[in-house]
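I opened this entry to keep track of what I looked up, and in what order. My notes follow the model below.

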Amino acid sequence: GRGSIFSRKESVSAVSEPHSILVKTIPNMFSGENWLPAKALSLKDSWKEALPTFRVGEPVNRSVTLSVAGLSSSTLPVLSEVNLKNAKVYSDPPMSENPVSEYGISAIQVTTIGVVPLRPGELFLPEVRIPWWNTQTDQQEVAVLPQATFIVLPATTNAIEVPTVTI
């Protein structure tokens, strides 16, 4: 009850037989920064447009989705910031959910990354690598988003020069 006059509070306890579990240490051969033991892990990206058009000064959003079976989203790493020579990059905080099914807990983390090109030419996005431990095969695997190169077009409008005023 909620503690009103019409409800009774009753203490409840539960007891079960003891259980033993084996806790393994992180294998020395694991090369990742973040320990991610999972049944499955996938890494995908998508763009607002199927083939994004990059133009100087105009933002293009990339969504990176990390899906993991067997872990909660609180254990997932945040994608590291990417510094590009010819673009500004902004990342929104990741959006996460933890669907539960008869197979256990899963985690889905979506990070939206805004890319604003600064000059025309080639824009190189480096690959994204996430090492993880496959608990089904007891081996390290690596999820990879391959590197990508895009052509940045010039701005559609001429920049307006703001006069400098000296006093």
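**The hairpin and its turn**

I started with a hairpin in this predicted model. Strand 10 and strand 11 form it, with four residues between them, and Asp138 in the turn has a positive phi of about 60°. I placed Asp138 in the loop between strand 10 and strand 11. Asp138 is not a glycine, yet its phi is positive. I noted the background: most residues other than glycine have a negative phi.

Is Asp138 buried, partly exposed or exposed? I looked up its relative accessible area and found 42%. Asp138 is therefore partly exposed.

Next I checked the pairing in the hairpin. Strand 10 and strand 11 run antiparallel and are joined by seven bridges. I picked one bridge to locate: Val128 has Leu145 as its partner in strand 11.

**The sheet around strand 10**

Which strands make up the sheet with the order 1-10-11? I found strand 1, strand 10 and strand 11, in an open sheet with mixed pairing. Strand 1 and strand 11 (139-145) are the edge strands, each pairing on one side only.

I then turned to the pairing of strand 1 with strand 10. These two run parallel, and two bridges join them. Pro37 has Trp133 as its bridge partner in strand 10. For the record, strands of a sheet pair through backbone hydrogen bonds, either parallel or antiparallel.

Why do I call strand 10 largely enclosed by the rest of the structure? I checked burial along the strand: five of its seven residues are buried, so the description fits. For the whole chain, I noted that 27% of the 167 residues count as buried.

**Met29**

I followed the chain back to Met29, in the segment before strand 1 (37-38). Met29 has 63% relative accessibility, so I logged it as exposed; the cut-off for exposed is over 50%.

What does Met29 touch beyond its neighbours within four places in sequence? I found contacts with Trp133 and Gln140. I also looked up the spacing between Met29 and Gln139. They are 110 residues apart in sequence, but their C-alpha atoms are 9.1 Å apart.

**The largest pocket**

I moved on to the largest pocket, which holds about 450 Å³ of space. Its lining has 22 residues. Nearest the centre of the pocket I listed Leu79, Ser80, Val128, Arg129 and Ile130. Val128 was already in my notes, as the bridge partner of Leu145.

Which strand gives the largest share of the lining? I found strand 10, with four residues. Strand 4 (60-69), strand 8 (104-117) and strand 10 (128-134) each supply at least two.

I sorted the lining by residue type as well. I got 15 nonpolar, three polar and four charged residues.

**A second three-stranded sheet**

I looked up another open sheet, with three strands in the order 3-12-9. Its pairing is mixed. Strand 3 (54-55) and strand 9 (121-125) are the edge strands, and each pairs on one side only.

How many bridges join strand 9 to strand 12 (residues 148-153)? I counted five, with the two strands running antiparallel. One pair I located is Glu122 and its partner in strand 12, Ile151.

**The chain as a whole**

I stepped back to the full chain. I found zero helices and 12 strands. Read from the N terminus, the elements run β-β-β-β-β-β-β-β-β-β-β-β.

I then looked at the sequence range of contacts, taking those between residues at least 6 apart. Of these, 68% join residues at least 24 apart.

**Confidence**

I closed with the pLDDT values. The chain has a mean of 89, and 89% of its residues reach 70 or more. By element, strand 11 has the highest mean, 97. The lowest, 86, belongs to strand 7 (residues 100-101). I left myself a reminder: where pLDDT is low, the predicted coordinates should not be read in detail.

Note on methods:
Residues are numbered from 1 along each chain as its sequence is written. This is a predicted model: local features need pLDDT of at least 70, side-chain atom pairs count only at pLDDT 80 or more; totals for chains, interfaces and linings use all residues. Side-chain values use heavy atoms; hydrogens and water are left out. On a 1 Å grid over the protein atoms alone, a cavity is a set of points where a 1.4 Å probe fits but cannot get out, and a pocket is an open set with protein on both sides within 12 Å along at least five of seven lines; lining residues have an atom within 4 Å of a point. Grid points are joined across faces, edges and corners, and a volume is the space filled by probe spheres set on the points. Ala, Val, Leu, Ile, Met, Phe, Trp, Tyr, Cys and Pro count as nonpolar, Asp, Glu, Lys and Arg as charged, and the others, Gly among them, as polar. Buried means under 20% relative accessible area, exposed over 50%, partly exposed in between (1.4 Å probe, protein chains only). Contact means heavy atoms within 4.5 Å. Two strands pair if DSSP finds at least two bridges between them. pLDDT is the predictor's confidence in each residue, from 0 to 100.
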